[in-house]
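Please walk me through this structure, beginning where its chains meet and then turning to the spaces that the program finds in it.

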Amino acid sequence: MPKPMLEAKNLTMKFGNLTASNNVSFSVDKGEIVSLIGPNGAGKTTIFNCISGFYKPFSGRVYFEGKDITGLSPYKITSMGLTRTFQIVKPLKEMTVKENILTGAFLRASSRSEAEKIADEILKITHLSEKKDVLAGSLTTADKKRLEIARVLATKPKMIMLDEAMAGLNQTETKEAMELCLNLNKQHGITLLIVEHVMEAIMPISNRVIVLNAGEKIAEGSPEEIVNNEEVIKAYLGERYHAKSKQTNRRV
Amino acid sequence: MKNRALYLIFAAVLVLPFAITNVNFQHVMIMFLIFASLGESWNIITGFAGQTSFGHAAFFGIGAYTSTVLFYKFGVSPWVGMLLGAGIAAVVSVIVSYPCFRLRGHYFAIATLAVAEIIKQLFVSWDYVEGATGISIPVVEDSFIAMQFHGSKIPYFLIGFALFFLIVMVARSIEKSKMGFYLKAIRESHEAAEALGINPRKYKLLAMMISSALTALLGTLYAQYILYIDPFMVFSLEISMKIVLLSVLGGLGNIYGPIIGAAILIPLSEYTRVFLGGTGKGIDLMIYGALIVLIACFEPHGIIGLLKKRGKKRGALYAKTNA
Ligand SMILES: Nc1ncnc2c1ncn2[C@@H]1O[C@H](COP(=O)(O)OP(=O)(O)OP(=O)(O)O)[C@@H](O)[C@H]1O
Ligand SMILES: [Mg+2]
């Protein structure tokens with residue numbers, strides 16, 4: 001069996017006496033789209049921080065392509081080909097859209113002109129070409145989220161962890177974001193681990209779904225399995241999704 | 001603004017003291033070159049990388065003292081001292097900022113201020129370098145090797161211009177290269193930078209080394225020009241503040257900023273000194289202060305920000321008339 005691309009083993013993270021992640025294990029295979037879901041405060045972002053090197057986990061290990069990356073600096077992990085976006089977007093405000101992307105591109109480019117080439121390509125893929133000279137700080141939320149993805153794409157990652165890249169987007173924007181994810185995965189072969197609250201958007205594109213609740217992994221399976229899992233429904237999908245599916249049924 | 005603006009500035013600066021041969025004016029031009037260059041050097045760590053230094057006089061003073069002590073004690077050419085001073089300043093900057101870079105934002109700024117004061121006190125109580133008395137540089141005949149010219153200010157001006165040219169070009173090539181992008185990314189968001197594969201500590205240290213080495217070069221020129229130094233002069237808070245104020249006034253993080261700022265503030269300083277003598281001391285800083293308050297309230301990007309805005313408006317107007 002080939003090694004998984006990313007493997008989290010018994011990750012535990014504590015803040016004082018709050019256990020934000022408790023013994024969480026999962027793996028992501030090359031080429032997959034895996035979603036990590038769970039109610040607010042479930043510990044999704046904390047897991048991302050532990051994997052990407054922003055936090056040192058209290059215990060447990062992280063492997064990327066078989067190499068132990070636990071506790072490495074974020075920049076080292078990025079240069080190995082694993083990077084992430086931020087739930088609270090962090091645009092390089094006083095730099096233009098293109099400069100934001102160029103900054104990422106310099107990781108693999110050996111010259112300015114090579115970086116420019118990478119950046120132009122990514123502007124196209126992410127449909128940001130028209131806004132390339134706009135200051136990142138003055139973009140709309142949707143475009144900031146898109147830039148967040150574009151910028152890490154420029155580092156030519158093998159795998160990206162997206163933290164709520166669709167939160168706060170309207171329907172069309174969400175659909176565009178979905179298509180972008182699929183495109184990255186199918187056309188560019190990038191493995192994706194996605195944290196998302198917008199179920200309608202990620203269920204259709206995910207190969208697998210992992211559910212966290214109160215710091216613990218409570219379920220893992222195909223989107224269908226998860227939607228029908230009693231515990232998940234109780235913990236997370238709760239009234240809202242339930243009511244919605246009933247509503248749809250009634251309409252049918 | 002493209003390269004043409006920059007070359008125009010270089011040309012204008014170079015021609016001025018030959019066109020206006022008044023000695024006072026030539027003096028102002030030399031001080032302008034020194035402070036514009038100091039602002040450019042400081043801009044690398046503070047404007048680009050966003051790490052506010054209130055202590056750059058420390059590196060200026062190290063440059064001044066290194067060449068002066070070497071010449072005074074051992075007769076070493078100030079040119080050699082200048083390069084050594086830059087090296088020492090770079091090393092000191094690393095020692096000082098390595099621990100300080102753990103501090104974020106205001107704490108870093110305050111730490112630089114404190115460290116600069118400590119270094120000043122060290123020189124005040126250091127007998128080998130004549131402590132608080134300072135050092136009068138032994139006067140020798142006009143000589144390039146000894147960097148002393150008594151007949152005319154033009155040679156000092158030309159050396160100042162060469163340094164100014166060098167430093168602006170260094171700042172510009174940093175800005176256009178990977179390093180410039182990385183420094184600005186660190187300034188905008190430490191975390192985003194790390195997620196892009198940037199090692200913030202490495203780039204901040206590199207920027208600090210370059211910035212302080214360049215700053216030290218000017219210390220040597222200043223010492224050779226004035227032919228006397230003491231710790232209160234070259235390590236003064238006033239110098240640190242002038243560097244900050246003129247760069248902020250002109251526009252932070254932009255290579256034109258310190259040039260514009262120095263072009264306004266240095267003549268102001270020098271002429272108030274000439275016209276008001278001792279009583280004028282501090283008036284220039286008061287006017288700086290007032291200007292900075294105005295700028296901070298209305299245009300945080302400095303004068304260059306104002307110019308850019310006007311440029312944009314005019315552009316918009318054109319777009320309208322063309323449509
Ligand atoms: N740096 C921190 N210091 C202290 N507590 C933290 C820190 N980061 C997260 N927490 C706590 O850990 C828990 C998990 O937070 P986390 O941000 O990982 O949740 P999440 O699943 O991403 O939630 P959301 O859907 O709201 O983004 C929360 O109770 C949060 O308050
Ligand atoms: Mg979160």
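The paragraphs below take up the interface first, then one residue that takes part in it, and then the pocket and the cavities.

The model is a predicted one, and every value given here was computed from it. Where chain B meets chain A, 19 residues of chain B are in contact with 22 residues of chain A. Between them the two chains bury about 1,800 Å², and 68% of that area is on carbon and sulfur atoms. Polar interactions are also found across this interface: the rule picks out eight residue pairs in polar contact, with both residues of each pair at pLDDT 80 or more. On the side of chain B that touches chain A, the elements that give two or more residues are helix H7 (178-188) and helix H8 (190-195) of chain B, and of these H7(B) gives the most, with seven residues. Sorted by class, that side of chain B has seven nonpolar, five polar and seven charged residues.

How many salt bridges does the rule find across the interface of chain B and chain A? There is one, and in it the side chains of Glu191(B) and Lys90(A) meet at 4.0 Å, taken from N to O. Over all chains, by comparison, the count of salt bridges comes to 19. The pair Lys90(A) and Glu191(B) joins two chains, because Lys90(A) lies in the loop between S6 and H3 of chain A, whereas Glu191(B) lies in helix H8 of chain B.

Lys90(A) is worth following a little further. The loop that holds Lys90(A) runs between strand S6 (82-84) and H3 of chain A. When its neighbours within four places in sequence are left aside, Lys90(A) is in contact with Glu148(A) and Arg151(A) in its own chain, and with Ser189(B), Glu191(B) and Ala192(B) in chain B. The C-alpha atom of Lys90(A) is separated by 12 Å from that of Val152(A), although the two residues are 62 residues apart along the chain.

The next feature to consider is the largest pocket, in which about 1,700 Å³ of space lies. Its lining is made up of 37 residues, and those nearest its centre are Glu99(A), Glu175(B), Lys184(B), Asn254(B) and Lys308(B). Both chains supply elements to this lining: helix H3 (97-105) and helix H4 (112-125) of chain A each give at least two residues, as do helix H1 (3-19), helix H2 (23-48), helix H6 (154-176), H7 and helix H14 (302-322) of chain B. Helix H7 of chain B therefore appears in two settings, since H7 and H8 are the elements that give two or more residues to the side of chain B that touches chain A, and H7 is also among the elements that line the largest pocket. By class, the lining of the largest pocket divides into eleven nonpolar, nine polar and 17 charged residues.

Apart from the pocket, the rule counts two cavities of 30 Å³ or more. The largest cavity holds about 80 Å³ of space and is lined by 13 residues, of which Phe59(B), Val96(B), Thr112(B), Val115(B) and Met208(B) lie nearest its centre. Helix H3 (57-74), helix H4 (78-100) and helix H5 (106-124) of chain B are the elements that give two or more residues to this lining, and H5(B) gives the most, with five residues. Which classes make up the lining of the largest cavity? Nine of the residues are nonpolar and four are polar, while none is charged.

The second largest cavity, with about 30 Å³ of space, is lined by residues of chain A, namely Thr85(A), Phe86(A), Val89(A), Lys145(A), Glu148(A), Ile149(A), Asp163(A), Glu164(A) and Ala165(A). Helix H5 (residues 141-153) of chain A gives the most to this lining, with three residues, and the lining as a whole divides into four nonpolar, one polar and four charged residues. Glu148(A) links this cavity to the earlier account, as Glu148(A) is one of the residues lining the second largest cavity and is also one of those in contact with Lys90(A).

Note on methods
Residues are numbered from 1 along each chain as its sequence is written. Chains are lettered from A and ligands numbered from 1 in the order in which they are written. This is a predicted model: local features need pLDDT of at least 70, side-chain atom pairs count only at pLDDT 80 or more; totals for chains, interfaces and linings use all residues. Side-chain values use heavy atoms; hydrogens and water are left out. Contact means heavy atoms within 4.5 Å. Buried area is the accessible area (1.4 Å probe) that two parts lose on being put together, summed over both. A polar contact is a pair of N or O atoms within 3.5 Å; within protein, one must be able to donate a hydrogen and the other to accept it, and residues adjacent in sequence count only if both atoms are side-chain atoms. Helices (H or I, at least four residues) and strands (E, at least two) are DSSP runs, numbered from the N terminus. Ala, Val, Leu, Ile, Met, Phe, Trp, Tyr, Cys and Pro count as nonpolar, Asp, Glu, Lys and Arg as charged, and the others, Gly among them, as polar. On a 1 Å grid over the protein atoms alone, a cavity is a set of points where a 1.4 Å probe fits but cannot get out, and a pocket is an open set with protein on both sides within 12 Å along at least five of seven lines; lining residues have an atom within 4 Å of a point. Grid points are joined across faces, edges and corners, and a volume is the space filled by probe spheres set on the points.
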